[in-house]
Amino acid sequence: AMSIEIPAGLTELLQGYTVEVLRQRPPDLVEFAVQYFTRLRESRSQDGAKAGPGGAVKAPVKGVVFDGEPMQTESNGDEGEEDDDEDDDSDFEPPPISRFNRRVSVCAEAFNPDEEEDDTEPRVVHPKTDEQRCRLQEACRDILLFKTLDQEQMSQVLDAMFEHRVQAKDHVINQGDDGDNFYVIERGVFDIVVERGGQALCVGKYDNKGSFGELALMYNTPRAATIIATNEGALWGLDRVTFRRLVLKNNAKKRKMYEIFIESVPLLKSLELSERMKIVDVIGVKMYHDGERIITQGDKADCFYIVESGEVRIMMKSKTKAAQQDNSEVEIARCTRGQYFGELALVTNKPRAASAYAEGEVKCLVMDVQAFERLLGSCKEIMQRNIAHYEEQLVALFGSSMDLRD
């Protein structure tokens with residue numbers, strides 16, 4: 001009989017690749033493998049890494065960084081840590097031969113929505129008074145992550161949620177911690193604080209509405225920010241198990257539907273694959289009837305829209321002629337499948353510069369501004385380039401572009 005020997009290093013090599021596939025969920029495994037192993041080879045030739053038996057890489061014991069997202073791994077002792085600090089900023093390290101620690105246990109918790117059909121976990125139920133349930137339903141009404149749930153699932157989510165009261169200066173979650181709960185705000189103002197280079201920066205706030213804490217639960221990564229209550233307030237928490245069982249499972253199904261569409265949106269082409277996948281998790285879907293107004297010129301902006309089907313007319317009144325009788329709305333653009341609108345006000349932090357109307361039945365993907373800024377850090381730069389183009393259009397229509405800037 002022929003004996004088959006597994007070459008040294010093969011298991012670790014494939015495990016490293018598998019972990020990245022589970023983390024990033026690429027649509028094309030072969031293409032992803034080409035990128036992954038090409039980077040591995042480049043990093044090996046840069047480091048002059050010594051190949052072991054069978055050409056296996058003797059990897060430094062260190063975290064894997066792929067597409068800019070660090071992945072914590074655990075070294076078995078700290079030998080050789082002092083002398084390799086200077087190359088810490090290299091783009092990609094070969095996968096270390098090590099156990100993955102609890103914080104990012106990707107292997108243990110890879111989420112496959114198709115396999116987890118049988119709900120073996122006991123249901124979590126926190127009894128509530130009618131008054132509490134009413135307040136909770138109101139708080140959850142606009143939470144995008146819950147939009148994919150049907151009534152039965154939503155009912156289970158509401159059952160599992162618990163009330164959490166806070167006082168000023170309370171830390172709801174701390175950057176770097178493991179994810180335990182997802183939170184929905186009922187009332188109160190909360191600062192979003194991120195530590196960079198030893199400095200705590202307040203990067204935004206939640207004002208009496210919104211939700212946070214889902215990223216650590218979705219991606220098994222440490223908390224990305226600290227959330228601090230600035231006054232007395234009330235939150236509703238949802239435990240990690242229920243969140244993963246109900247919300248993630250549904251978002252995984254939604255993700256399958258929207259992956260291909262998101263791939264085709266020109267604006268998102270410049271993003272990394274992993275970032276595009278995260279967008280799928282935070283988008284909601286809204287339907288509009290013929291003639292329905294989607295956004296109104298002059299309103300405060302809180303969302304950004306991508307057209308999935310139908311056509312949207314962008315209409316604008318000139319501010320320069322505001323006092324004049326004949327200042328009627330002028331059509332300045334039309335958006336069709338894959339095109340976006342509503343971003344200008346988010347980029348300039350001004351009220352809506354134009355109105356948008358559905359032409360026929362329209363289906364839009366909607367992303368709220370917090371999710372947008374938090375997930376893509378700043379995809380504002382991509383959009384900033386369009387402002388000049390908009391201004392040219394306005395000059396042509398109204399003889400002035402002051403409408404965008406002032």
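Here are a few exercises on the structure above, each with a worked solution.

The model is predicted, so local features need pLDDT of at least 70 and side-chain atom pairs count only at pLDDT 80 or more, while totals for chains, interfaces and linings use all residues. Residues are numbered from 1 along each chain as its sequence is written, and side-chain values use heavy atoms, with hydrogens and water left out.

**Exercise 1. Get your bearings in the chain.**

Work out how many helices and strands the chain has, and what share of its residues is buried.

*Step 1.* Start with the secondary structure: the chain has 11 helices and 16 strands. These are DSSP runs numbered from the N terminus, with helices (H or I) of at least four residues and strands (E) of at least two.

*Step 2.* Now burial: of the 406 residues in the chain, 45% are buried. Buried means under 20% relative accessible area, exposed means over 50%, and partly exposed lies in between (1.4 Å probe, protein chains only).

*Step 3.* Finish with contacts, meaning heavy atoms within 4.5 Å. Take those between residues at least 6 apart in sequence: 76% of them join residues at least 24 apart.

**Exercise 2. Describe how H4 packs against H3 and against H6.**

For each pair, find the angle and the axis distance, then the residues that meet.

*Step 1.* Begin with H3 (residues 130-140) and H4 (residues 151-160): they pack at about 120 degrees, with axes 11 Å apart. That angle makes H3 oblique to H4. Axes here are lines fitted to C-alpha atoms, for helices over the stretch in contact, and angles run from 0 to 180 degrees between N-to-C directions. Angles under 35 degrees are called roughly parallel, over 145 roughly antiparallel, 65 to 115 roughly perpendicular, and the rest oblique.

*Step 2.* Check the hand: H3 and H4 cross in a right-handed way. A crossing is left-handed if the near helix is turned anticlockwise from the far one by less than a right angle, and right-handed if clockwise.

*Step 3.* List the partners: Arg133, Leu136, Gln137 and Cys140 of H3 meet Met154, Ser155, Leu158 and Asp159 of H4. By class, that contact splits into 4 nonpolar, 2 polar and 2 charged residues. Ala, Val, Leu, Ile, Met, Phe, Trp, Tyr, Cys and Pro count as nonpolar, Asp, Glu, Lys and Arg as charged, and the others, Gly among them, as polar.

*Step 4.* Move on to H6: the axes of H4 and H6 come within 10 Å and cross at roughly 150 degrees. So H4 is roughly antiparallel to H6, and their crossing is left-handed.

*Step 5.* On the H4 side you'll find Gln153, Gln156, Val157 and Ala160, which meet Thr242, Arg245, Leu246, Val247 and Asn250 in H6. This contact has 4 nonpolar, 4 polar and 1 charged residues.

**Exercise 3. Map the largest nonpolar core.**

Which residues touch the most other members of the largest nonpolar core, and which elements each supply at least two of its residues?

*Step 1.* A nonpolar core is a set of buried Ala, Val, Leu, Ile, Met, Phe, Trp, Tyr and Cys residues joined through side-chain atoms within 4.5 Å. The largest one has 24 residues, and Phe146, Met161, Phe182, Leu238 and Phe243 touch the most other members.

*Step 2.* At least two residues of this core come from each of H3, H4, strand E5 (181-187), helix H5 (214-219), strand E10 (233-239) and helix H6 (240-264).

*Step 3.* Zoom in on Phe243: leaving out residues up to four places away in sequence, Phe243 touches Leu145, Phe182, Glu214, Leu217, Met218, Leu238 and Leu248.

*Step 4.* Don't miss the other core, which lies apart from this one and has 22 residues, among them Leu268, Val282, Ile283 and Leu365.

**Exercise 4. Compare the settings of Ile294 and Asn231.**

Is each residue buried or partly exposed, and what does each one touch?

*Step 1.* Ile294 sits in strand E12 (residues 293-295). Its relative accessible area is 11%, so Ile294 is buried.

*Step 2.* Beyond four places in sequence, Ile294 touches Tyr288, Tyr305, Val312, Phe341, Ala356, Tyr357 and Ala358.

*Step 3.* Asn231 is in the loop between strand E9 (226-229) and E10. At 31% relative accessible area, Asn231 is partly exposed.

*Step 4.* With the same four-place cut, Asn231 touches Val166, Gln167, Ala168, Gly188 and Val189. Asn231 and Gln167 are 64 residues apart along the chain, yet their C-alpha atoms are separated by 5.8 Å.
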